[in-house]
Amino acid sequence: MVSEHFDVVIVGGGLSGIGAGYHLQQRCPGKSYAILEAREAIGGTWDLFRYPGIRSDSDMYTLGYSFRPWEEAKAIADGPSILEYVRKTASDNGIDRHIRFRHKVKHASWSSEDARWTVEVERGPSGETVELTCSFLFLCSGYYNYDAGYTPEFPGRERFAGRIVHPQKWTDDVDYAGKRVVVIGSGATAITLVPAMTEKAAHVTMLQRSPSYVLSLPGQDVIANTLRAYLPSGLAYGITRWKNVALGTLIFQLSRRAPELIRKLIRAGVKAQLPEGYDVDKHFKPAYKPWDQRMCLVPDGDLFRAIRHGKASVVTDHIETFTEKGIRLRSGEELEADIIVTATGLELKVMGGVDFAVDGAPVDVPKVFGYKGMMLEGVPNLAMALGYTNASWTLKCDLTCEYMCRLLNYMDAHGHDRVMPTLNDPTLEAVPFIDFSSGYIQRSIHKFPKQGSRSPWKLYQNYALDILTLRYGALEDGSLQFSRAPAPGTALAEERAAS
Ligand SMILES: Cc1cc2nc3c(=O)[nH]c(=O)nc-3n(C[C@H](O)[C@H](O)[C@H](O)COP(=O)(O)OP(=O)(O)OC[C@H]3O[C@@H](n4cnc5c(N)ncnc54)[C@H](O)[C@@H]3O)c2cc1C
């Protein structure tokens, strides 16, 4: 039972999906579109996560959209402000009228004959199945499992008498006032939670197996706020955005080319904020090089302040077992706790968990090459919004949306209704889609498409380069195959149907 057809179906109503709606409206005004969102709310990540202190770990001048200035004073913003920004973008531009909530896309099958996708959706509380069709499918479904986060098997977990919470499942009834808290983890979430929880908790211990790089930045960007006072908001935003892109690129490139220098600078920054005699190397000297994993940012050194004031401490050790009272460590030490927070990460999910088929054949995503990090070899009329690992997510997603709109307009102008990346380079070598050593990436990298060793099958994680290729580069590059399905009833259509 096919009910409706859209030119474009966007899967996901988070930061990327709302951005995609905006770009489509602006650049392809004639196109009909729907945003299918599995949950009941706009905002994705920024609506899902409710743990204390939830905030961005990159600045909002680059995490914000290219088309909508971030006008708040804070550069590293809290979750509710980001959610409000996404919601306002949707309502101010009428994008919210295109969203179908509680529409979880389960399956999408492409028919070359009809040049369209049939999208199977689980709808509403009953989970009834409905079908939609679209000419182009755009996945803005993020990169992780919404149903559950990642939690390793902890021996003795059932023995612990207190409460165990995963940050992804945080609810308002988690009462930690006056309690002893152990936060397990050393990533962005743990580093956010620890200082935030010290405001009410008796004491918060961050228990990590190994340290991460922690960089303290001012919570407010003085240059941004000064520029905004004197210049039109859009201009001030644009200048700040480029300043931060340049700074971020510089830190990333220096980390790759002169890792020892960056390591020393970060260590000096950390040492300066901790009490005399603090064992900086034990707790804040990672075994890997800077930017081999995502770097953790703390606004105004809040984590270090909490440690200085004795409200928080860091323990670097391995868990032997949970006990009735807390956690026993390999060193023999026991950490007593009333609440244990398992900030142990996300479980990655590729392409919204949707099963794809092209002309009846299932698409085996890990077996195919990604094209420009946004399309798949052999899969027509499909793109996905995946952000940078070494810079703000939205920088890449804005460019991906621009590119998709260029493609759609080009196809209309040239009478094509199909576009498909086609591998024509037998010497192309496969490399992992993301070259990060983080545990959550390594656990799931086998689910991702392959990355090629050369352009356009390579993902450069470089904003300036992506501007050149995605905004200005030729669409006809020898790897994208454009075509048109023969009109029904024509000799060519009958010949193709018979073959
Ligand atoms: C706690 C946290 C903090 C972060 N901080 C930063 C940061 O500071 N800077 C940065 O660059 N990145 C950050 N990230 C990464 C972050 O996820 C992105 O920046 C951005 O929010 C992703 O937006 P998105 O819309 O692409 O995906 P999401 O926010 O994940 O939204 C995806 C949406 O798609 C929906 N969806 C998924 N599958 C389906 C389906 N099959 N059918 C229908 N709907 C579906 C989901 O319900 C969700 O609403 C953070 C991530 C987390 C978890």
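Which backbone atom lies 3.0 Å from a nitrogen atom of the ligand? In this predicted model, a backbone N or O atom of Gly352 occupies that position. Residues are numbered from 1 along each chain as its sequence is written, and side-chain values use heavy atoms, with hydrogens and water left out. Because the model is predicted, local features need pLDDT of at least 70 and side-chain atom pairs count only at pLDDT 80 or more, whereas totals for chains, interfaces and linings use all residues.

The ligand is surrounded by 33 residues, of which Ser16, Glu37, Asp57, Ser58 and Tyr146 come nearest; a residue is near a molecule or strand if one of its heavy atoms lies within 4 Å of it. Tyr146 also places a polar side-chain atom 2.7 Å from an oxygen atom of the ligand. For Thr45, a polar side-chain atom lies 2.8 Å from an oxygen atom of the ligand. Polar contacts are pairs of N or O atoms within 3.5 Å; within protein, one must be able to donate a hydrogen and the other to accept it, and residues adjacent in sequence count only if both atoms are side-chain atoms.

Empty space was examined on a 1 Å grid over the protein atoms alone: a cavity is a set of points where a 1.4 Å probe fits but cannot get out, a pocket is an open set with protein on both sides within 12 Å along at least five of seven lines, and lining residues have an atom within 4 Å of a point. Grid points are joined across faces, edges and corners, and a volume is the space filled by probe spheres set on the points. The second largest pocket has a volume of about 800 Å³. Its lining comprises 35 residues, with Asp59, Leu217, Asn244, Leu247 and Gly248 nearest the centre of the pocket. At least two lining residues are supplied by each of strand E10 (214-217), helix H6 (222-230), helix H7 (233-257) and helix H13 (463-472). Helices (H or I, at least four residues) and strands (E, at least two) are DSSP runs, numbered from the N terminus. H7 provides the largest share of this lining, 10 residues. By class, 19 of the lining residues are nonpolar, 11 polar and five charged, where Ala, Val, Leu, Ile, Met, Phe, Trp, Tyr, Cys and Pro count as nonpolar, Asp, Glu, Lys and Arg as charged, and the others, Gly among them, as polar.

The count of cavities of 30 Å³ or more comes to three. The largest cavity has a volume of about 70 Å³, and the residues lining it include Leu139, Tyr143, Lys349, Met384 and Phe448. Eight nonpolar, two polar and one charged residues make up the lining of the largest cavity. Two of these lining residues, Leu139 and Met384, are also bridge partners, Met384 lying in E21. Strand E6 (residues 128-139) and strand E21 (residues 382-384) run parallel and are joined by three bridges; two strands pair if DSSP finds at least two bridges between them. E6 further pairs in the antiparallel sense with strand E5 (residues 116-123) over seven bridges, and Trp117 has Cys134 in E6 as its bridge partner. The hairpin of E5 and E6 has four residues between the strands, and Gly124 takes a positive phi near 65° there.

An open sheet of five strands shows parallel pairing in the order E7-E16-E8-E9-E12. Strand E7 (163-165) and strand E12 (312-316) are the edge strands, each pairing on one side only. Neighbouring strands of this sheet are turned by 20° against each other on average, direction ignored; axes are lines fitted to C-alpha atoms, for helices over the stretch in contact, and angles run from 0 to 180 degrees between N-to-C directions. E7 and strand E16 (residues 339-342) are joined by three bridges, with Ile340 in E16 as the bridge partner of Ile164.

A further open sheet, of three strands, has antiparallel pairing in the order E13-E14-E15. Strand E13 (residues 319-322) and strand E14 (residues 326-329) pair over three bridges and form a hairpin with three residues between them. Ile319 stands opposite Leu329 in E14, and Thr321 opposite Arg328. E14 is joined by three bridges to strand E15 (residues 334-336), where Glu336 stands opposite Gly326. In the hairpin of E14 and E15, Gly332 takes a positive phi near 100°.
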